[in-house]
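This report describes selected local features of one protein model. Please keep the sequence and the coordinates at hand while reading.

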Amino acid sequence: MKKQIRSTGLAKPAPSKAQASRLSRWLGDTQIGHESTVDSAGKPVGNKWWQVMCLSGLDYFSTLGYQPAIAALAAGALAPLATLILVAVTLGAALPVYRRVARESPHGQGSIAMLERLLPHWKGKLFVLALLGFAATDFMITITLSSADATAHIIENPITPEWFHGQQVIITLILILLLGALFLRGFHEVIWLAVGLVATYLALNVVVIATAFVSLIQNPAPVDHWWLNLTAEHSNPWMMIAIALLVFPKLALGLSGFETGVAVMPQIRSRAGDTETNPLGRIAGAKKLLLTAALTMSVFLVTSSIVTTMLIPAPEFQPGGAANGRALSFLAHNILGEGFGSIYDISTILILWFAGASAMAGMLNLIPRYLPRFGMAPEWARAIRPLILVLIGVAVVITLVFDASVDAQGAAYATGVLVLMTSAAVAVCISAKRKGQRWQAIGFGAISVIFLYTTGANVVERPDGIRIAGLFIVGIVLVSLISRFRRSTELRATSVSFDEAALQLVRESAEGSVLRVIAHEPVRMSAARYRHKLDHARVASHLPEKSSVVFIEIKVSDFSDFAQDILVTGITRHGFPILQASAPSIPTAIAAIAIAIRDQSGIMPHIYFRWTEGDPVRNLMRFIFLGQGEIAPLTREVLREAEPAVGKRPWVHVG
């Protein structure tokens, strides 16, 4: 095995903690909220799967606040049957898909990471940015819509003071700011608050639903009335099923918890022996999370749909009705009294408000894993706290634009959820096919068709959702490309490693404290070509006639990547010593290697180039997007930015 010596820390040195302000250190702490499998002592860290289930369940379980009313409004007396179809899709389609996503993408990136691996270069990056746009639509609208819905429950409560009416925007903004403040403190507090809220909310729902069933048993008249209405409207059982299938897309928000379930996977505690590439404990915990959440929610969805459909008059579900968007709350007040109803409302308000926590956790996991790695976000985006402030600012703008309206944001929320679920189904279908799992591929293909139909039906009926998602996508792509352009001359190497042969070539080719390096494109590699290149350098750049030189050759790997580890290997070809490496960008790789040679050996590289032929503007674009182009001047610019001290900067000669 070749010995490798690694040089890291190639970027500009950050100010020391003593120099940085207390606020800067607090904001720039990159450890807060990020995934870690073990602590400094090597012990597994994180939270138990059921605790993380409560975090993702904030989004999922909180839909009980409005899902029964949506089902009754969309399907009328058929609401219980339509809900059964929703449950069948939950357990038979969404659950198998996301259990496989959890296994193949265990770091919280969900199906986005799976699909990224299928498309190379810029096609993959742009596709990921589009999916991130839909993820942003889903998660950001979850924050704003849930806070707005919590505000609606506050205002509509019978004991709420009259002056609260008309203040929905202000109240929603206060709830969003409070959510951000909690996340700025840290994830530990968020997790335990989620556990308390979910446990309380589900317990109160058990009381309401159980009491409603007791009422139906004692007085079955509402059941008889519901059955008469159902058979009068739909005498044919097959027609009932057909209509329930047609209205199913309107109930699809009841599937909203799966994407957040895999997004918060990094918060699940790993087992001893887990590694970054194979966190088996986390995967097992995520599967338990998804199964338990799906079964729990399925029971609540079916039972709540039955009691609300049978006990609440149909006109109350209409816009402006007392049960519109709050069916179980309506039952809590009418069956158990205003006191219990108000307690139920408080619990509903809290879980709806805090439902944004699971969405926030998802965004805080996705963004640092993609945009900074693509070079499409500032480095500070790796730190959690500044990112929280940005996301809260975006949520404030969304709330103001939509005037804190739940209905106005519903279409965008449904679109984001369904597109991500469709992408997950397609990803696992392709994965199964590539692994030769024929029957699984067929099954996941059928599931993909179901989600494609549901997404298409939702887009046709509520086109505003795709327009809003489109704005998110355009915004993310534009901001990302601008950031990539601004950061294009950074020293884009996470580390540089030299094998023993490369180190020996450097030592043998150096003359005192100087190493003369000739840049050579690894296309034409005949002995005559190397001799010609050397002769040109001697004439054009006045390279001393008998001086020792070493060639450097950079092969462009995935030019759409922003940075990567660089391994420099040493070879001899046609008698000429050559340092070779692969990297996304030739100028930044040469600069990084030159600085690594200087720092490790104390030898100052002098790099010799020829001018690049062609239009300089076109060559600049080739550098930004293809990693090539104006090699000489851009190498010098990268070195200038990386090393401000002229006397310590590797030399660039162009002839």
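The sections below cover a strand and its partners, a serine in a helix, and a nonpolar patch.

## Basis

The model is predicted, and the values given here are computed from it.

## Strand β3 and its partners

Strand β3 spans residues 514-519. Of its 6 residues, 5 are buried, so the strand is mostly covered under the cut-off of under 20% relative accessible area.

Strand β3 runs parallel to strand β7, residues 604-609, and 5 bridges join the two. Within this pairing, L515 has P605 of β7 as its bridge partner. Strand β3 is also joined to strand β4, residues 550-556, by 3 bridges, and this pair is parallel too. Here I518 stands opposite F551 in β4.

## S56 in helix α2

Helix α2 covers residues 49-61 and contains S56. S56 counts as buried because its relative accessibility is 3%, where the limit for buried is under 20%.

Apart from neighbours within four places in sequence, S56 is in contact with T260, G261 and V264, and also with L289 and S358.

## Nonpolar patch with L291

L91, L291 and L295 make a nonpolar patch of about 220 Å² on the surface. L291 belongs to helix α12, which spans residues 280-311.

Is L291 buried or exposed, or in between? Its relative accessibility is 34%, so L291 counts as partly exposed; that class lies between under 20% for buried and over 50% for exposed. The value for L291 is also over the 30% that patch residues need.

Terms used
Residues numbered from 1 in each chain as written. Predicted model: local features only at pLDDT ≥ 70, side-chain atom pairs only at ≥ 80, totals over all residues. Heavy atoms only, no water. Buried < 20%, exposed > 50% of the residue type's maximum accessible area, 1.4 Å probe, protein only. Helix = DSSP H or I, 4+ residues; strand = E, 2+ residues; numbered from the N terminus. Pairing = 2+ DSSP bridges. Contact = heavy atoms within 4.5 Å. Patch = residues over 30% accessible without salt bridge, like charges linked within 9 Å, V, L, I, M, F, W, Y side chains within 5 Å. Areas by Shrake-Rupley, 256 points an atom, 1.4 Å probe, with all protein chains shown as cover. Salt bridge = Lys/Arg side-chain N within 4 Å of Asp/Glu carboxyl O.
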